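Please open the structure in your viewer and keep the sequence panel beside it. This tour moves from one selection to the next, and at each stop it tells you what is there.

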Amino acid sequence: MIAFNKYYNQFNLISISLVVISLFFLVFKGLNFGIDFKGGTLIELRSADQKINVSSLRDNLNQMNLGDISVKNFGNQKDFLIKFENNDNKNVIEEIKINLDKSFGNNFNFRRVENVGPKVSAELLKSGVIAISVALVLMLIYIWIRFEWQFSLGAIIALFHDVIVTLGLFSLLGLEINLSIIAAVLTIVGYSMNDTVVIFDRVRENLRKYSDIKIFELSNISINETLSRTLITSITTLLALLSIFFFGGEILKGFSLAMIFGVVFGTYSSIYIANTILVRLNVSQKTILKEDDKI
Amino acid sequence: MLYFSKLRIIFISLISLLFILFASSNLFKFSNELLDKKINLGLDLQGGSYLLLEIDNTPVIEQKLQNLSITLKNYFKEKNVRISNLKFKDQKLSFSVNDEFKNLVLEEFSDEESDINPYYQRFKSHQLDVVEENNVFTINYSKQGIIEIKTSSQDQALEIVRRRIDEIGTNEPNILKRGNDRILVELPGLDDPMRIKSLLGKTANLTFRFVTNDTEDSFGAEKLQYEESSEESMVSKRIILSGDNLLDAQPRMNNESNETVVSFTLDRVGAKRFGKATSTGIGKQLAIVLDGKIISAPIIRDTIASGSGQISGGFTFQSATDLALLLRSGALPAPLNIIEERTVGPDLGQDSINAGMIALFIGFILVILFIFIKYKVFGLITNIALIVNLFLLIGVLTIFEATLTLPGIAGIILTVGMAVDANVLIFERIKEELRNEKNNLIAFDSGYTKSRTAILDANITTLLAAIILFFMGSGPIKGFSLTLGVGIFTTLFSVYFIARLLTVLYVSKNREKEGLI
């Protein structure tokens, strides 16, 4: 049996610092919102001419006065991702097409064009925030119904930890936040909850089974009993996610990366956050006594 | 937990086979209509354009208020109520009345049977908001009145948008209402939406009006620019003909001038008016105005009584074709703005499908190998259940002809990764039970029973997340929540029926064996 409970304090400190650092980044560095949430235009180009590179493309586009424009390679040398704020210039894509054909010859394939107006992006951001909030609240309520409030609190703190630290890491690394990241965060919420619930379920069962063991020891027993399941499920989920990350194409990279972070944090938080909250709230056999009739 | 009746075994096998059949109908063509269903590919996989249009209702509301001012004038005249200072300013209509009429006017507006201010019983609201202050009435549309206007202009716009898109002939367009002032257009297989965008961006409000030098024209006049140059002309506000009077419009080659023109045919009323105008107006210039710009302003040389004519204006064949199309399909009630556009080319779509399939295949193999190494025989059972699960998932999506998107494929891969969780929970539990219980059957039975609440809780939480995503997300993301959510149900089926059935069969044959798992 691994003595997870020996390090409860240390890991709690680490978690608190991680959350504080993440919040610091979120507040001061902010998130790198993609056009979904900021508005603007995105163009994915493939060039047939090997000689065309990011700087020649950027120089050319800069002459068009499109404002702050970003040009990057996308996955490989011949694919480019162009992003700029589009201030109501409706025919800009056609203009870019004409301009590029004129300058580089008919060498470009416009693989993807996305244009999101300011009104829509504001709405998407709002609905993303609402979706995550609703998810957190629903989880809170669900656990409250299934367990006691102490469990609910533990689970929700673990969730906040996972979401904040994942977003903090995205802020630190400057990775783009788009609609699929919101989907990833929501799935992380579901996954982390899933992990936490399995351990909580065992804690509750053990509370009934051992009437004389204190929660500090009991939580450790429960973690150990469910440990191999926690690890195996995390591994298979990570295998699936790594496969998406490496083989699923550029578009799914951000999504799978967010999920990978989330699964790692989620697994960690079920062990070191959700449980320590139970310990700190001094959950005991008495806590679940009244709820026994419920099941 | 460990007993399966013959009937149930047959039932489970039949269901599994049925879904495998449905799943495979994506690969083969079935002659049977019931079976011949396919998963739809989302725009991000098959390529295509997604356009979100917003109707700019401000001019419509303005126009309605202006029309209302005439109605009001006549209405109160009939009732012998004198109103003065009727004006339209800041999106509001205002007028003043003398003290004696004040209450009468107020009554007219607040009467639930009122003709001038209809009352919507259902919403408990009048069409207009009326404010009176010092005998000055200010009138504006109420919230409900505006909703009414928006809904009706959305209905009209939807119809026109549909006609325009149908005229171009793209395959299976999807045109839907969103809210009360938006229209969503999905155009599968279209990789260059430029033409459609420019066609949808035009209101196509066509009018025939005389060019006038008389600024005192009784209908008023306005200065309008030419489409092709920066020249301007004064044009009367009196409308001789509008696009509503057109029966047909076609691009034509004019043999005399060797130029592309748009020829049009008028309805009976239009032909009559056109004949009258051209007979009285010989020598005058008739401006053809489209969306506030003059296309051309030919001089009338003869009376045109045939009810048909030509519009010239330096068109290319393409622009003449587009104009004819716009005129045929009619004018939009209000301008449309494209507020969101997402276009994916067909080759990127195919690349995404390929990448998604490779990722699914590799992810699947990795998970299967890992589980097999970890659990041997039971790993095999889990893996068989996992394969059936995949077929079930694809089968369900096929039956409902659901839309598969790239994030949707990610959802399937993720389901593969997470689906083993339930079996892992069960097997780990059985292992624990076996430590204290020597009887295999009892240990397996209690393993299944005791792990049930944890499995249920764990899946419900994921399902909650998927449901929220389904209702909040759009397009591709909806596809993700769909596969994730459906995946939970197919997983539970495959775990509790397929895997459990196989486990039962294996364990009952090896009930005496030690170290079974």
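How many Å apart do the C-alpha centres of domain 1 of chain A and domain 2 of chain A lie? Before answering, bear in mind that this is a predicted model, and that every value in the tour is computed from it. The two centres lie 40 Å apart. To colour the two parts yourself, select residues 4-34 together with 120-293 of chain A for domain 1, and then 40-116 for domain 2, as the domain assignment gives them.

**Helices of chain A**

Select residues 118-146 of chain A, which form helix H5. Since a helix is expected to advance 1.5 Å a residue, the 29 residues of H5(A) should span 42 Å, and the end C-alpha atoms are indeed 42 Å apart, so the two values agree. Now show the side chains of the buried residues of H5(A), among them Leu124(A), Ala131(A), Ile132(A), Ala135(A) and Met139(A), and notice that Arg146(A) also belongs to this buried set. When you look along a helix such as this, it helps to know that an α-helix has 3.6 residues a turn, so residues three or four places apart point the same way.

Next select residues 149-173 of chain A, which are helix H6, with 25 residues and a reach of 36 Å from the first C-alpha to the last, close to the 36 Å expected. Just after H6(A) comes Gly174(A), which takes a positive phi of about 65°.

Keep H6(A) on screen and add residues 179-209 of chain A, helix H7, whose axis comes within 10 Å of the axis of H6(A) and crosses it at roughly 145°. H6(A) passes H7(A) in a right-handed crossing. On the H6(A) side the contact includes Phe151(A), Ala155(A), Leu159(A) and Val163(A), while on the H7(A) side it includes Val185(A), Ile188(A), Met193(A) and Phe200(A). Sorted by class, this contact has 10 nonpolar, 3 polar and 1 charged residues.

Now move to helix H8, residues 215-247 of chain A, and pick out Thr230(A) within that helix. Is Thr230(A) buried or exposed? Thr230(A) is buried, because 21 other C-beta atoms lie within 10 Å, and 20 or more are enough to call a residue buried. Leaving out residues up to four places away in sequence, Thr230(A) touches Asp195(A), Thr267(A) and Ser270(A). For a longer view, draw a distance from Thr230(A) to Arg112(A), which is 118 residues away in sequence and 40 Å away in space, C-alpha to C-alpha.

**Where the chains meet**

Show both chains together, and select the contacts between them, where 54 residues of chain A meet 54 residues of chain B. On the side of chain A that touches chain B, the elements giving two or more residues are strand S5 (108-116), H5, H7 and H8. H8(A) gives the most, with 14 residues. That side of chain A divides into 29 nonpolar, 15 polar and 10 charged residues.

**Chain B**

Turn to chain B, whose domain assignment gives domain 1 (6-44 + 345-509), domain 2 (49-53 + 153-200), domain 3 (58-146) and domain 4 (206-342). The C-alpha centres of domain 1 and domain 4 of chain B lie 62 Å apart.

Select residues 58-78 of chain B, helix H3, whose 21 residues should span 30 Å at 1.5 Å a residue, and whose end C-alpha atoms are 30 Å apart, which agrees. Just after H3(B), Asn80(B) takes a positive phi of about 60°.

Most residues other than glycine have a negative phi, and most peptide bonds are trans. With that in mind, find Asn134(B) in the loop between strand S7 (128-133) and strand S8 (136-141) of chain B. The phi of Asn134(B) is positive, near 50°, and Asn134(B) is exposed, because 6 other C-beta atoms lie within 10 Å. Then find Asp291(B) in the loop between strand S17 (286-290) and strand S18 (293-296) of chain B. Asp291(B) has a positive phi of about 45° although it is not a glycine, and with 17 other C-beta atoms within 10 Å it is partly exposed.

As a last stop, select Lys450(B) in helix H11 (residues 440-472) of chain B. Lys450(B) counts as partly exposed, with 19 C-beta neighbours inside 10 Å.

Methods
Residues are numbered from 1 along each chain as its sequence is written. Chains are lettered from A and ligands numbered from 1 in the order in which they are written. This is a predicted model: local features need pLDDT of at least 70, side-chain atom pairs count only at pLDDT 80 or more; totals for chains, interfaces and linings use all residues. Helices (H or I, at least four residues) and strands (E, at least two) are DSSP runs, numbered from the N terminus. The expected span of a helix is 1.5 Å times one less than its number of residues. Axes are lines fitted to C-alpha atoms, for helices over the stretch in contact, and angles run from 0 to 180 degrees between N-to-C directions. A crossing is left-handed if the near helix is turned anticlockwise from the far one by less than a right angle, and right-handed if clockwise. Two residues are in contact if their C-beta atoms, placed from the backbone, lie within 7 Å. Ala, Val, Leu, Ile, Met, Phe, Trp, Tyr, Cys and Pro count as nonpolar, Asp, Glu, Lys and Arg as charged, and the others, Gly among them, as polar. Domain bounds come from an automatic or database domain assignment. A residue is buried if 20 or more other C-beta atoms lie within 10 Å of its own, exposed if 12 or fewer, and partly exposed in between; C-beta atoms are placed from the backbone.
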